[in-house]
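Here is a colleague's note for someone opening this entry for the first time. Please read it with the sequence and the model side by side.

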Amino acid sequence: MMTNAAKELATEYLRLGGHRLLVMDDNILSTNCWEPDPPEAESFWSERIETLSPRRRNEVMSFLPSINAR
């Protein structure tokens, strides 16, 4: 079975208690967070996801829960 690095990063971020939600508007991806992330999740996002290229970061964000689905 093939692994997906973007999905693994998103899953780990959520496992650490991350609260960011995917916001998709006119095929532009961003995140929104109404609650602060726990320090572990915030650090993980800053060090492992924020530093990715925009394309790779969008791939990771696509695996986050979506505000559009609520």
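1. **Order of elements.** Along the sequence, the pattern is α-β-β-α-α. That gives three helices and two strands. Keep in mind from the start that this is a predicted model.

2. **Overall size.** The C-alpha atoms fill a box of roughly 35 × 30 × 25 Å, taken along the principal axes. Is the radius of gyration in agreement or disagreement with a compact globule? For 70 residues, such a globule would have a value near 11 Å. The protein has 12 Å, so the two agree.

3. **Inside and outside.** Buried residues make up 24% of the 70 residues. The protein exposes about 4,900 Å². Carbon and sulfur atoms supply 52% of that area.

4. **Contacts across the sequence.** Take the contacts in the protein with a separation of 6 or more. Of these, 59% are between residues 24 or more positions apart. Points 8 to 11 look at single residues and their partners.

5. **Charges.** The protein has 8 positive and 11 negative charges. The mean positions of the two groups are 6 Å apart.

6. **The strand pair.** Strand β1 covers residues 21–25 and strand β2 covers residues 28–32. The two run antiparallel, and five bridges join them. To find the register, start from valine 23: serine 30 in β2 stands opposite.

7. **The turn.** β1 and β2 form a hairpin, with two residues between them. Which backbone angle deserves a check here? It is phi: aspartate 26 has a positive value of about 55°, although this residue is not a glycine. Aspartate 26 lies in the loop between β1 and β2. Asparagine 27 lies in that loop too. Its phi is also positive, near 65°, and asparagine 27 is likewise a residue other than glycine. Are these loop residues buried or exposed? Aspartate 26 is exposed, because its relative accessible area is 69% and the cut-off for exposed is over 50%. Asparagine 27 counts as exposed as well, with a relative accessibility of 69%.

8. **Leucine 22, in β1.** This residue is found in strand β1. Leucine 22 counts as buried because its relative accessibility is 5%, and buried means under 20%. What does leucine 22 touch, beyond residues up to four places away in sequence? Leu29 and Ser30 are among its contacts. So are Met61, Ser62, Leu64, Pro65, Ser66, Ile67 and Asn68. Asparagine 68 is 46 residues away in sequence, yet the C-alpha atoms of leucine 22 and asparagine 68 are 7.8 Å apart.

9. **Leucine 29, in β2.** Leucine 29 has its place in strand β2. Set aside its neighbours within four places in sequence. Its contacts are then Leu22, Val23, Met24, Asn58, Met61 and Ser62. Met61 and Ser62 appear among the contacts of leucine 22 too. For a separation over a longer span, take asparagine 4: 25 residues from leucine 29 in sequence, and 19 Å away from C-alpha to C-alpha.

10. **Aspartate 37, in a loop.** Aspartate 37 lies in the loop between β2 and α2. Is this charged residue buried or exposed? It is buried, because its relative accessible area is 12%, and the limit for buried is under 20%. Beyond neighbours within four places in sequence, aspartate 37 is in contact with Tyr13, Gly17, Gly18, His19, Arg20 and Glu42. Tyrosine 13 is 24 residues away along the chain. The C-alpha atoms of aspartate 37 and tyrosine 13 are separated by 9.7 Å.

11. **Alanine 41, in α2.** Helix α2 spans residues 39–49, and alanine 41 lies in it. Alanine 41 counts as buried, with a relative accessibility of 0%. Not counting residues up to four places away in sequence, alanine 41 touches Tyr13, Leu16, Gly17 and Gly18. Tyr13, Gly17 and Gly18 are also contacts of aspartate 37. Arginine 57 is 16 residues from alanine 41 along the chain. Their C-alpha atoms are separated by 16 Å.

Definitions and conventions
Residues numbered from 1 in each chain as written. Predicted model: local features only at pLDDT ≥ 70, side-chain atom pairs only at ≥ 80, totals over all residues. Heavy atoms only, no water. Pairing = 2+ DSSP bridges. Helix = DSSP H or I, 4+ residues; strand = E, 2+ residues; numbered from the N terminus. Rg over C-alpha atoms; globule rule 2.2 N^0.38 Å. Buried < 20%, exposed > 50% of the residue type's maximum accessible area, 1.4 Å probe, protein only. Contact = heavy atoms within 4.5 Å. Areas by Shrake-Rupley, 256 points an atom, 1.4 Å probe, with all protein chains shown as cover. Lys, Arg positive; Asp, Glu negative; His and termini not counted. Charge placed at Lys NZ, Arg CZ, Asp CG, Glu CD.
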